[in-house]
Amino acid sequence: MELDLTFYLFAIPAVVFAGISKGGFANGPTFAAAPFIALVVPPTQAVALMLPILMVMDATALRAYWRRWKWSELKLLLIGALPGLAIGAFLFRSINEDIVRLVIGAIAVGFVAFQITVGRGWITLGKGKATPVSALFWGCLSGFGSLVSHAGGPPSAVYFLRRNLEKTVFQATSVLFFAVINALKFGIYLAMGLFTLSTVKAVVTLTPIAILGTLLGVWAHQHVPSWLFFRLAYIFLTLTGLKLIFDALT
């Protein structure tokens, strides 16, 4: 991974976007940063690079939303995430980078397609008491998606949306969930040998950007309409996802 001007032209806006999403909009499109950076570096390196940065964002967001989460909504979801992490680690080690590009691109485009179907009422997310089975199912999907491309936000959001949580409780609970998941992922990535000297250098230079982006997201949580942020995020995700799919297939 070469830390040149092209890299930073992609990495800086990606990290700012991820920070805004992490700090203010329940993590949903946070994973868009990895696909965007994967346009200029190998996808495994992009995913590895983003993990320490996401952990910096977690720490910043946890401080902002301290004890405003609802722990009762997390226990089964975290238990379900464990096998998802294990499955993701197994597959991540056994597939080549074009397959990783294809998976990340498909997740990005699929996420946008799912959000459009929900927004138009083609799929209805019911409200009410979550069953243990649903918590374990969505937790497993979230753990898997998070391990392979930091895309655990959409499955967890489906679960949390069904719980009809107040906006800030939703945000705080999501922040805590991914702080735990990312801490677990760090050990897995380390064991897989995904971190390099270039990763460390990039993380050091991008950490102030990550903190700034997260604080901006905390501000945006109160001042920016959610529909505007997500509409821009969906355009960004669709274009990036399609480019990765094209690169993987050609």
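Buried means under 20% relative accessible area, exposed over 50%, and partly exposed in between, with a 1.4 Å probe and protein chains only. The model is predicted: local features need pLDDT of at least 70, side-chain atom pairs count only at pLDDT 80 or more, and totals for chains, interfaces and linings use all residues. Residues are numbered from 1 along each chain as its sequence is written, and side-chain values use heavy atoms, with hydrogens and water left out.

**View 1. The whole protein has ten helices and zero strands.** Helices (H or I, at least four residues) and strands (E, at least two) are DSSP runs, numbered from the N terminus. The order of elements from the N terminus is α-α-α-α-α-α-α-α-α-α. The C-alpha trace spans about 50 × 35 × 35 Å along its principal axes. The radius of gyration is 17 Å, which agrees with the value near 18 Å for a compact globule of 250 residues. That radius is taken over C-alpha atoms, and the globule rule is 2.2 Å times the number of residues to the power 0.38. Of the 250 residues, 50% count as buried. Contact means heavy atoms within 4.5 Å. Among contacts between residues at least 6 apart in sequence, 87% join residues at least 24 apart.

**View 2. The surface and the charges of the protein.** The protein exposes about 11,300 Å², and carbon and sulfur atoms supply 70% of it. Accessible areas come from the Shrake-Rupley method with a 1.4 Å probe; for residues, only the protein chains shown count as cover. There are 18 positive and 8 negative charges, and their mean positions are 15 Å apart. Lys and Arg count as positive, Asp and Glu as negative; His and the chain ends are not counted. The place of a charge is NZ of Lys, CZ of Arg, CG of Asp or CD of Glu.

**View 3. Helix H1 covers residues 5-24.** Its 20 residues reach 29 Å from first C-alpha to last, close to the 28 Å expected at 1.5 Å a residue. The expected span is 1.5 Å times one less than the number of residues. Buried residues of H1 include Phe7, Ala11, Ala14, Val15, Phe17 and Ala18. Lys22 is also among the buried residues of H1. The cover over the buried residues of H1 includes H2, H3, helix H8 (167-191), helix H9 (197-223) and H10.

**View 4. Helix H5 covers residues 97-119.** Its 23 residues should span 33 Å at 1.5 Å a residue, and the end C-alpha atoms are 33 Å apart, which agrees. Buried residues of H5 include Val100, Arg101, Ile104, Gly105, Ala108, Phe111 and Val112. An α-helix has 3.6 residues a turn, so residues three or four places apart point the same way. The buried residues of H5 pack against helix H2 (33-37), helix H3 (43-64), helix H4 (75-94), H6, helix H7 (153-162) and helix H10 (226-249). Just after H5, glycine 121 takes a positive phi of about 80°.

**View 5. Serine 142 lies in helix H6 (residues 132-149).** Serine 142 counts as buried because its relative accessibility is 0%. Not counting residues up to four places away in sequence, serine 142 touches Gly152, Pro155, Ser156, Phe177 and Phe178.

**View 6. Leucine 49 sits in helix H3.** Leucine 49 is buried, with a relative accessible area of 0%. Leaving aside neighbours within four places in sequence, leucine 49 is in contact with Met1, Phe7, Ile37, Thr199, Ala202, Val203 and Leu206. Lysine 201 is 152 residues from leucine 49 in sequence, yet 9.7 Å away in space, C-alpha to C-alpha.

**View 7. Arginine 67 is found in the loop between H3 and H4.** Arginine 67 has a positive phi of about 60° although it is not a glycine. Most residues other than glycine have a negative phi. Arginine 67 is exposed, with a relative accessible area of 67%.

**View 8. Three leucines lie in helices H8, H9 and H10.** Leucine 190, in H8, is exposed, with a relative accessible area of 54%. Leucine 190 and alanine 48 are 142 residues apart in sequence and 9.3 Å apart in space, C-alpha to C-alpha. Leucine 216, in H9, is partly exposed at 38%. Leucine 239, in H10, counts as exposed at 58% relative accessibility. The C-alpha atoms of leucine 239 and phenylalanine 186 are separated by 29 Å, with the two positions 53 residues apart along the chain.
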